Structures are given as structure tokens and as C-alpha cells.
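Please load the model in your viewer and keep the sequence panel beside it, since this tour moves from the whole chain to a single residue.

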Amino acid sequence: MKVGKIPVASIILGVVTLTALLLKFFNPAQAVVNSAFINGAYAGSLFVLGLYYVNIYYTAWINNRKEAKAHQE
């Protein structure tokens, strides 16, 4: 899923990174408490972003195979 031309997972990664940096700077004790949530959000966002890019490459691969078959016939 995208917002404009930017994948939602990229937006989530940016928000989580900004949140983590602000927490570490302004309230280090709370950053330690929220570290599990932040790490989970990082991992989840990276996983979704990875699936997004795998889908792009897989779709391109399938389209190239279809084009190659069409040229062979």
C-alpha cells in the first residue's frame, strides 16, 4: 500500500525512528521502557517493506517471462 508514491512501511519506519530519537533525547528512561515496542515496530515495518519489494521484483520477473514467451512464438 502507498501514500502518494511512498510505501506506508517507509512512512512507519520514519515515524518510529523519529519517535525513538526524540525519546532517547528527551526522556531516556522512557526510551528504555518503550524499546521493545520500538524494536518490534522496526522489525515489522522492515518485514512489510521487504515483502513489498519482493512483490515488485516477482511481478517484474513474471512480466519478463511472459514477454519472452510472446517473442518466442
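How much area does the protein chain expose, and what share of it do carbon and sulfur atoms supply? In this predicted model, the exposed area of the protein chain is about 5900 Å², with 69% of it supplied by carbon and sulfur atoms.

Begin with the whole chain in cartoon view, where three helices and two strands can be picked out, following one another from the N terminus in the order β-β-α-α-α. The radius of gyration is 19 Å, whereas the globule rule gives 11 Å for 73 residues, so the protein chain is more spread out than a compact globule. Turned along its principal axes, the chain has C-alpha atoms that fill a box of roughly 65 × 25 × 15 Å. If you colour by accessibility, buried residues will account for 16% of the 73 residues.

Next, select residues 35–72, which form helix α3 with its 38 residues; from first C-alpha to last, α3 reaches 55 Å, close to the 56 Å expected at 1.5 Å a residue. Show side chains for Ile38, Ala41, Ser45, Leu49 and Tyr52, the buried residues of this helix, and then add β1 (2–3), β2 (6–7) and α1 (8–26), the elements against which those buried residues pack.

Finally, centre the view on Ser45, which lies in helix α3. Why does Ser45 count as buried? Its relative accessibility is 6%, and buried means under 20%, so Ser45 falls within that class. With neighbours within four places in sequence left aside, display the residues in contact with Ser45, namely Ala9, Ile12 and Leu13.

Key. Residues are numbered from 1 along each chain as its sequence is written. This is a predicted model: local features need pLDDT of at least 70, side-chain atom pairs count only at pLDDT 80 or more; totals for chains, interfaces and linings use all residues. Side-chain values use heavy atoms; hydrogens and water are left out. Helices (H or I, at least four residues) and strands (E, at least two) are DSSP runs, numbered from the N terminus. The radius of gyration is taken over C-alpha atoms; the globule rule is 2.2 Å times the number of residues to the power 0.38. Buried means under 20% relative accessible area, exposed over 50%, partly exposed in between (1.4 Å probe, protein chains only). Accessible areas come from the Shrake-Rupley method with a 1.4 Å probe; for residues, only the protein chains shown count as cover. The expected span of a helix is 1.5 Å times one less than its number of residues. Contact means heavy atoms within 4.5 Å.
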